Amino acid sequence: MRGLGYLIKEGVRSVWNNRMMSAASIGVLVSCLLITGAAMLLSMNVTSVVEEIGKDNQITVFLKEDIDDLEAIQKIGPELRKVDNVAEVEFYSKEQAINEYRSELGTLFSELQGVENPLPNAFHLTMVDLSQYETTVKDIRAVEGVDIISDRSDVAKRLTDLNRLVTQVGLWLVAALGIISLFIISNSVRMTMYSRRFEISIMKSVGATNHFVRIPFVIEGVVLGLISGIISSIVIAFLYEAMVSAVKYIVPVTEIPYSELAPRMTVGFIGFGMIIGAIGALISIGRYLNMEGGEILGW
Amino acid sequence: MIRFNNVSKVYPNGTRALNKVNIDIQKGEFVFIVGASGAGKSTFLKLIMKEEEPTSGSIIVNDTNITEMKRRKVPYLRRTMGIVFQDFRLIDKMTVFDNVAFAMRVIGARPKAVKKRVHYILGLVGLKDKAQSRPAELSGGEQQRVSLARALVNNPSLIIADEPTGNIDPEMSFEIIELLNEINKQGTTIIVVTHEHELVHKFKNRVIEIQGGEIMSDTGAPTEKADVKIEIAEEELAEIPEEIAEEIPDVSSEELNREALAAIEDEEAAEE
């Protein structure tokens, strides 16, 4: 488009000319982005912890007592592997179990010596998705030879509930703060437009197209979003370290290192800021584009 | 150039600004529109600029029925016009040069063409030395000349001046109309809205009087003046020495129109 350089220069210049309003907008937008970012970081970390626990969360499938020969056991293994949502299947013989008891109980176990091994053969299973725990357990029960399953549904439920809650709160927070940011940017651009209504009326009277009138204001919004995104990306890095050490002081957790999150967060902040900036500006300018001459000047 | 066919305009609050008006203004005419406040003069101009829509009737500008014109085409209609306002409407924070250049920049003219053309136009209105001044440093008459330069810079075929002498002293007013007369001699159609009857009488131009939204009188185009105009134009052309003619910036109306056409094509391509 002809004259794009001029329009970009006008948009950027406007941020500087209205620097007080721009600074206020950037301040509020950075706060919104930081709160949104903090919610997202929390959600990502909880998801990661839940996934970690989920991986460790093996369930034990005990076989019926009468299944004792190797041939029958070898038939059950592949059947369990066929069940949906089962990631790993590992055989755990009753000899392994008794040995484990022996090492755990020590002298107490020696008193039980002489008694025949009462433990059943078992499989250790790992699930892909913990939230499908109950369906998977039902499917496993249907496999022939399976007697009982160690019940850990409570842990699974609590973890998936927590994950869902954090994700939902995060989404609501992003939506609410997105609307606030839109309002802030659109207000800032509206102030600029009010101060430049004179120019807009002249632009329209000499035959500037709506694109030409619109672009500098959209660029102003985008620049405000870009600056806010960059500032937020820098601030959140320090904030994250501070938050992690504060949480670690209370609960020992393994956090996702910020270096892993930095590219996603930076792109997210800048992209979100710029999109909000552009939309905010477009909302404000629509009103002026439909006005003519003296109307723009409020006469 | 401009034709009003039975044009009426009634505002939403019930005010009847124009009532079945018929006007025909030929290309190259200089027309004064006179009348008291609230007579319908401003509405007449707004309808030509398509800032307002008529309630009934049709308006033809440059052989185009603008009452049927699509909204997105309006900017291109306005590029064929130059508007001069009573309150000058200059941007205080810009220099005289930038105020005039602004009108070219916002329609996407090339920086090189802007520089050439603005200097030429400022020379034409006698403000070459004030290019770097701010509007606040100029007298009312000078500010109106800047406003006129801005209206002229895109080489319009029509100049519309809404009370151009309303905010300046009588001597300066005379100068401004003289300047418009000079521009008219180059073939530009001029419409001046004013309520200063005295000023109108000093110039032998067509005068249309509007009262209560109706045409009360129309003197028609003074025929002898048209002949004089042609003579003067021919004399002037003959008087321009070749070396001076070469110095006149080559930003012709054809070039500006080409730029406008290119902008239309860009615009339409973007919209598609």
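Me: Which is B:Lys50, buried or exposed, and how do you know?

Reply: Buried: B:Lys50 has 21 other C-beta atoms within 10 Å, and the label needs 20 or more within that radius (12 or fewer is exposed, anything in between partly exposed, with C-beta atoms placed from the backbone). One caveat up front: this is a predicted model, where local features need pLDDT of at least 70 and side-chain atom pairs count only at pLDDT 80 or more, while totals for chains, interfaces and linings use all residues. As for names, residues are numbered from 1 along each chain as its sequence is written, with chains lettered from A and ligands numbered from 1 in the order in which they are written.

Me: What makes the backbone of B:Lys50 worth flagging?

Reply: Its phi is positive, about 60°, although B:Lys50 is not a glycine. The residue comes just after H1(B), in the loop between H1 and strand E4 (56–61) of chain B. Helices and strands here are DSSP runs, numbered from the N terminus (H or I, at least four residues; E, at least two).

Me: What about B:Asn6, is that one buried or exposed?

Reply: Exposed, because B:Asn6 has 12 other C-beta atoms within 10 Å. B:Asn6 also has a positive phi, near 50°, in a residue other than glycine, and sits in strand E1 (residues 2–10) of chain B.

Me: Why is helix H1 of chain B called largely enclosed?

Reply: Because eight of the nine residues in H1(B), which spans residues 41–49, are buried. Among them are B:Lys41, B:Ser42 and B:Thr43, as well as B:Phe44 and B:Ile48.

Me: How do you know whether A:Glu95 is buried or exposed?

Reply: Count again: 11 other C-beta atoms lie within 10 Å of A:Glu95, so the verdict is exposed. You'll find A:Glu95 in helix H4 (residues 94–105) of chain A. A:Asn121 is 26 residues away from A:Glu95 in sequence, and their C-alpha atoms are 8.2 Å apart.

Me: Why are H3(B) and H5(B) called roughly parallel?

Reply: Helix H3 (residues 96–105) and helix H5 (residues 140–152) of chain B pack at about 30°, with axes 7 Å apart. Axes are lines fitted to C-alpha atoms, for helices over the stretch in contact, and angles run from 0 to 180 degrees between N-to-C directions. Under 35 degrees is roughly parallel (over 145 roughly antiparallel, 65 to 115 roughly perpendicular, the rest oblique), so that is the label for H3(B) and H5(B). H3(B) passes H5(B) in a right-handed crossing, meaning that the near helix is turned clockwise from the far one by less than a right angle (anticlockwise would be left-handed).

Me: What makes up the contact of H3(B) with H5(B)?

Reply: B:Val96, B:Asn99, B:Val100 and B:Ala103 on the H3(B) side meet B:Val146, B:Ala149 and B:Arg150 of H5(B). Being in contact requires C-beta atoms, placed from the backbone, within 7 Å. By class that gives five nonpolar, one polar and one charged (Ala, Val, Leu, Ile, Met, Phe, Trp, Tyr, Cys and Pro are nonpolar, Asp, Glu, Lys and Arg charged, and the others, Gly among them, polar).

Me: And how do H5(B) and H6(B) cross?

Reply: The axes of H5(B) and helix H6 (residues 170–185) of chain B come within 9 Å and cross at roughly 20°. That makes H5(B) roughly parallel to H6(B). Their contact includes B:Leu148 and B:Leu152 of H5(B), plus B:Ile176 and B:Leu179 of H6(B). It has six nonpolar, three polar and two charged residues.

Me: What makes something a nonpolar core, and how many residues does the largest one have?

Reply: You need buried Ala, Val, Leu, Ile, Met, Phe, Trp, Tyr and Cys residues joined through C-beta atoms within 7 Å. The largest such set has 106 residues, with B:Ile33, B:Val100 and B:Ala149 among those with the most contacts inside it. Helix H9 (residues 210–250) of chain A gives the most to this core, 12 residues. Apart from it lies another core, of 15 residues, including A:Ile59 and A:Leu125.

Me: How many residues are there in each chain, and what share is buried?

Reply: In chain A, 31% of the 299 residues are buried; in chain B, 41% of 272. Chain A has 10 helices and four strands, chain B 10 helices and 10 strands.

Methods
Two residues are in contact if their C-beta atoms, placed from the backbone, lie within 7 Å.
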